[in-house]
Amino acid sequence: MRIAGIELRWVRLPLVTPFRTSRYTEEWKYALLIRVRTEEGAIGWGECVAMRVDVYSPETIDDAARALRETLIPMVLELPDVTAEKAKEALAQVEGHPMAKAALEMALLDAQLRLIGRSLAAHLGAVRPAVKAGVSVGIMSEKELIDTVLRYRFEEHYQRIKLKIEPGWDVEPVHLVRELLGADALLQVDGNGAYRLEDAGHLAELDRYDLLMIEQPLAADDLDGHAALARKLKTPICLDEPITCTADAIRAIDRGAAAIINIKPGRVGGYLEAKEIHRVCAARGVPVWVGGMVETGLGRAANVALAALPHFTIVGDLSASERFFTQDITPPIVVGTDGLIRVPDKPGIGVEPDMTVLARPEITDHVEQIPIPAQVLAVGRAR
Ligand code: NPG
């Protein structure tokens, strides 16, 4: 492919309710979208999951935009024939910026797969036509928790519930939800790094609730702490924040810090790297699942495609658009009454933004055209 135009688009969507974790409270979803147009006439969309502030990862939306504009996009424009695979190889020379790289890769994959009429799911190696829906529940009052969990489980058909926890909001909400949903319900918790190894005795109280896992209890960089905690708990430990590439996943597994890995395509630098982590984890017998970062319908659809790979045996943070948004920018992703989300099977990501929605000034903050050097366009015209 040859790139004829690239734009960055800053969008924001109000959340249906504030989303509170141990680290931050979000009332808005801010996303940076990338739209790639190729000489061959294909359009591809990517979504960058970086947040406005560096509470979850050091990469913010502004950092990602700068890296895209000044480094990553110019490098891709220099490639004689662009594919997502070649871009990944070229961009590996650049340190960091996994979320920016992932967004650019997603736009290129979308465009190149549309050109050959192939779905992202097929390209990645999907084996399932639908995936189980799982939902992440923020920190809230006890009364809100009861209403929310009952609605997600029994009205909206979610097959797995994840509770955000922090010191002071852990054993009690887990006890309550276990009573509400019964012994068979799939339940897990996520600490987002809010605990210390000294809390091991307290966290061990969660062992009696038969949780699927405790995700990221300790600080992101504390692999040894997680390994030590794992020796004290029955509940398996899953890592999220520190896994930014395949090497990180291998290191965490080898150190005994992760019995399970949450794979977020944005956090690991893209869908191709996510597939590689899925492969090495399968080879080591470590279960994996697809995490979410409150994506719009674009990232949500692509995450569902990834989750259809064979070794994604644990239910992911894969929820309907309406979990977070009254109005998504794509046709809404939905959970069926069977608790499943259909894997998109149309070319590319399989969904497109609704341009009338994106055109609303309250949704698109601004659009930036990335200049394409004259020689890149000239080579394209000469071909
Ligand atoms: O379903 O998209 C979703 C949200 C899942 O809880 C979720 N994500 O810490 O894993 C997390 C959390 C998150 C959201 C992290 C946004 C970073 C940004």
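## Paired strands and a two-domain contact

In this predicted model, strand β6, made of residues 160-164, and strand β7, made of residues 186-190, pair in the parallel sense over 5 bridges. Within that pairing, isoleucine 161 has leucine 187 of β7 as its bridge partner. The two strands belong to an open sheet of 7 strands, which follow the order β5-β6-β7-β8-β9-β10-β11 with parallel pairing. At the edges of this sheet lie β5 (134-137) and β11 (288-290), each of which pairs on one side only. As background, strands of a sheet pair through backbone hydrogen bonds, and the pairing may be parallel or antiparallel.

The antiparallel sense appears when one turns to β1, which pairs with β2 over 13 bridges. A hairpin of 4 residues joins β1 to β2, and across this pairing leucine 8 stands opposite isoleucine 34 in β2. Strand β1 also runs antiparallel to β13, to which 6 bridges join it; here leucine 8 appears again, with glutamate 368 in β13 as its bridge partner.

A side-chain link accompanies the backbone pairing of β1 and β13. The side chains of arginine 12 and aspartate 365 meet in a salt bridge, with 3.1 Å from N to O. This pair connects distant parts of the chain, since arginine 12 lies in strand β1 and aspartate 365 in strand β13 (residues 364-370), 353 residues apart. In general terms, side chains of opposite charge can pair when their charged atoms come close. The count of salt bridges by this rule comes to 22.

The wider arrangement can be read from the domains. The chain is divided into domain 1, which takes in 3-117 + 352-382, and domain 2, which takes in 122-342. The contact between them draws 35 residues from domain 1 and 41 residues from domain 2, while the centres of the two domains, taken over C-alpha atoms, are separated by 25 Å. About 3,200 Å² is buried between domain 1 and domain 2, and carbon and sulfur atoms give 66% of that area. On the side of domain 1, the residues that lose the most area to domain 2 are Phe19, Arg20 and Tyr56, which together account for 20% of what that side buries.

Polar and charged links also cross between the domains. Between domain 1 and domain 2 the count is 2 salt bridges, and across their interface 16 residue pairs are found in polar contact, with both residues at pLDDT 80 or more. Several elements build the side of domain 1 that touches domain 2: β1 (3-20), β2 (25-38), β3 (43-48), α2 (84-91), α3 (98-116) and α13 (355-358) each supply at least two residues. Of these, α3 provides the largest share of that side, 9 residues. Sorted by class, the side of domain 1 that touches domain 2 has 21 nonpolar, 3 polar and 11 charged residues.

One further salt bridge can be located by its residues: the side chains of glutamate 273 and lysine 88 meet at 2.6 Å, N to O.

Technical notes:
Residues are numbered from 1 along each chain as its sequence is written. This is a predicted model: local features need pLDDT of at least 70, side-chain atom pairs count only at pLDDT 80 or more; totals for chains, interfaces and linings use all residues. Side-chain values use heavy atoms; hydrogens and water are left out. Domain bounds come from an automatic or database domain assignment. Contact means heavy atoms within 4.5 Å. Buried area is the accessible area (1.4 Å probe) that two parts lose on being put together, summed over both. A salt bridge is a side-chain nitrogen of Lys or Arg within 4 Å of a carboxyl oxygen of Asp or Glu. A polar contact is a pair of N or O atoms within 3.5 Å; within protein, one must be able to donate a hydrogen and the other to accept it, and residues adjacent in sequence count only if both atoms are side-chain atoms. Ala, Val, Leu, Ile, Met, Phe, Trp, Tyr, Cys and Pro count as nonpolar, Asp, Glu, Lys and Arg as charged, and the others, Gly among them, as polar. Two strands pair if DSSP finds at least two bridges between them.
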